[in-house]
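Q: I have a model open and want a quick tour. Can you walk me through it?
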Amino acid sequence: MTVDGKRLRIAMQKSGRLSQDSQALLTSCGLKINLREQRLIAHVENMEIDLLRVRDDDIPGLVMDGVCDLGIVGENVLEELSLQRQIDNEPYNYQVLTRLDFGGCRLSIAVPQEENYQSVKDLEGRTIATTYPRLLNRYLKQNGVNARVVTLKGSVEVAPRAGLASAICDLVSTGATLEANGLKEVEVIYRSKAVLIQRRDLAESNKLNMINKLMPRIAGVMQANESKYIMLHAPRAQLEQVIALLPGAENPTLLPLAGNDAMVAIHVVSSETLFWETMEKLKALGASSILVLPIEKMME
Ligand code: ATP
Ligand code: MG
């Protein structure tokens, strides 16, 4: 099955943990998006792109089946469906265009806090509840553990208290949900981030051109997200020591200050932020007006 029409179709999560970041990424790439209506399809006003807003579970299948050209989805969901389709002998073709800088989480096994857990062997013969049965089964197999896997679509974290399982395997980012349910994380089985995927058989040149235009913009947005613009005034006499404290400042820009020959302005684009401790050291060297600014876009 292929996609009809000229417009590039991007599947993204409608509402959930990935939707705001996905939308912000596309907006930063220059797409004018009007999401005021609660519609399945949102037309991008200034480019030949349509956004399909769906449940995250549906995104990998839409791309693998060629119904959407691109998709933004968590690797956990993508990998789970790939494994399922491999097991069921169904096509699971897709291409990862880039890993993104949001949606980070880990799929972990958790057991009751009071348990004296030693190793993965302690899971032998137990019942483990999860939304990701294939990822969990793969992990158990790799570790030579026999356990019963129960699939639950939601409320996995209450399964032990409800007597449905004695352990769980669920997504974790801070661990607060586990703690609130009397559980502790004992094994990380998969580390996930959001990824941008493309369908394999995409051949329409206008769509490929659009993707070729989008990719450097996405790279530029991600690079800008992790970069800072640092400005400060420093005494000329301490210039070397000041520059040595600035992260990634091999060739900083130096600018004269009007009416003050003893001081100079330093501007640096840095891939790291400036910590308070470093700012205090700079201040101690006589630096002033230290500013750390976010960068919106960049292209090298
Ligand atoms: P939908 O209604 O679209 O099916 P959902 O409830 O299945 O949404 P969300 O909870 O919105 O899914 O999570 C979407 C994705 O966000 C996850 O699949 C995962 O990749 C990522 N994610 C990041 N941090 C977490 C977390 N702490 N818990 C769960 N998912 C997380
Ligand atoms: Mg879901």
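A: Start with the open sheet of four strands, in the order β13-β14-β12-β15, with antiparallel pairing. Strands here are DSSP runs of E, at least two residues long, and helices are runs of H or I, at least four, numbered from the N terminus. Two strands pair if DSSP finds at least two bridges between them. This is a predicted model: local features need pLDDT of at least 70, side-chain atom pairs count only at pLDDT 80 or more, and totals for chains, interfaces and linings use all residues. Residues are numbered from 1 along each chain as its sequence is written, with chains lettered from A and ligands numbered from 1 in the order in which they are written.

Q: Which are the edge strands there?
A: β13 (253-257) and β15, each pairing on one side only. The twist averages 20 degrees from one strand to the next. Axes for such angles are lines fitted to C-alpha atoms, for helices over the stretch in contact, and angles run from 0 to 180 degrees between N-to-C directions.

Q: How many bridges join β12 and β15?
A: Five, in the antiparallel sense, with β12 spanning residues 228-235. In that region, Met 231 stands opposite Leu 291 of β15.

Q: What holds paired strands together in general?
A: Strands of a sheet pair through backbone hydrogen bonds, either parallel or antiparallel.

Q: Where is Val 264?
A: In strand β14, residues 260-270. Val 264 is partly exposed, with 18 other C-beta atoms within 10 Å. The cut-offs: 20 or more other C-beta atoms within 10 Å of a residue's own is buried, 12 or fewer is exposed, and in between is partly exposed, with C-beta atoms placed from the backbone.

Q: What does Val 264 touch?
A: Leaving out residues up to four places away in sequence, Val 264 touches Ala 234, Arg 236, Leu 239, Leu 254, Leu 255, Pro 256 and Leu 257. Contact means C-beta atoms, placed from the backbone, within 7 Å.

Q: How far is Val 264 from Thr 98?
A: They are 41 Å apart in space, C-alpha to C-alpha, and 166 residues apart in sequence.

Q: Odd backbone angles next. Which phi does Ser 289 have, positive or negative?
A: Positive, about 45 degrees, although Ser 289 is not a glycine. Most residues other than glycine have a negative phi. Ser 289 is in strand β15, residues 288-294. Ser 289 is exposed, with 11 other C-beta atoms within 10 Å.

Q: And what about the phi of Asn 89?
A: Asn 89 is not a glycine either, and its phi is positive at about 60 degrees. Asn 89 sits in the loop between α3 (75-87) and β5 (95-99). Asn 89 is exposed, with 7 other C-beta atoms within 10 Å.

Q: What is the strand order in the sheet of six strands?
A: β2-β3-β1-β4-β11-β5, an open sheet with mixed pairing. Its edge strands are β2 (41-43) and β5, each pairing on one side only. Neighbouring strands are turned by 25 degrees against each other on average, direction ignored.

Q: Which helix packs on that sheet?
A: α3 does, touching β4 (70-74) and β11 (194-198). The direction of α3 makes about 105 degrees with that of β4.

Q: How do β2 and β3 pair, parallel or antiparallel?
A: Antiparallel, over three bridges, with β3 at residues 49-54. Ile 41 stands opposite Leu 52 in β3.

Q: Now β6. How many bridges with β10?
A: Eight, antiparallel, between β6 (105-112) and β10 (183-192). There, Val 111 stands opposite Lys 184. β6 also pairs with β9 (167-172), antiparallel over five bridges. Arg 106 has Val 172 of β9 as its bridge partner.

Q: Which domains does the chain have?
A: Domain 1 is 8-103 + 194-224, domain 2 is 105-192 and domain 3 is 227-294. These bounds come from an automatic or database domain assignment. The C-alpha centres of domain 1 and domain 3 lie 40 Å apart.

Q: Last one: why is the chain called more spread out than a compact globule?
A: Because its radius of gyration is 25 Å, well over the 19 Å that the globule rule gives for 300 residues. That radius is taken over C-alpha atoms, and the rule is 2.2 Å times the number of residues to the power 0.38.

Notes: Two residues are in contact if their C-beta atoms, placed from the backbone, lie within 7 Å.
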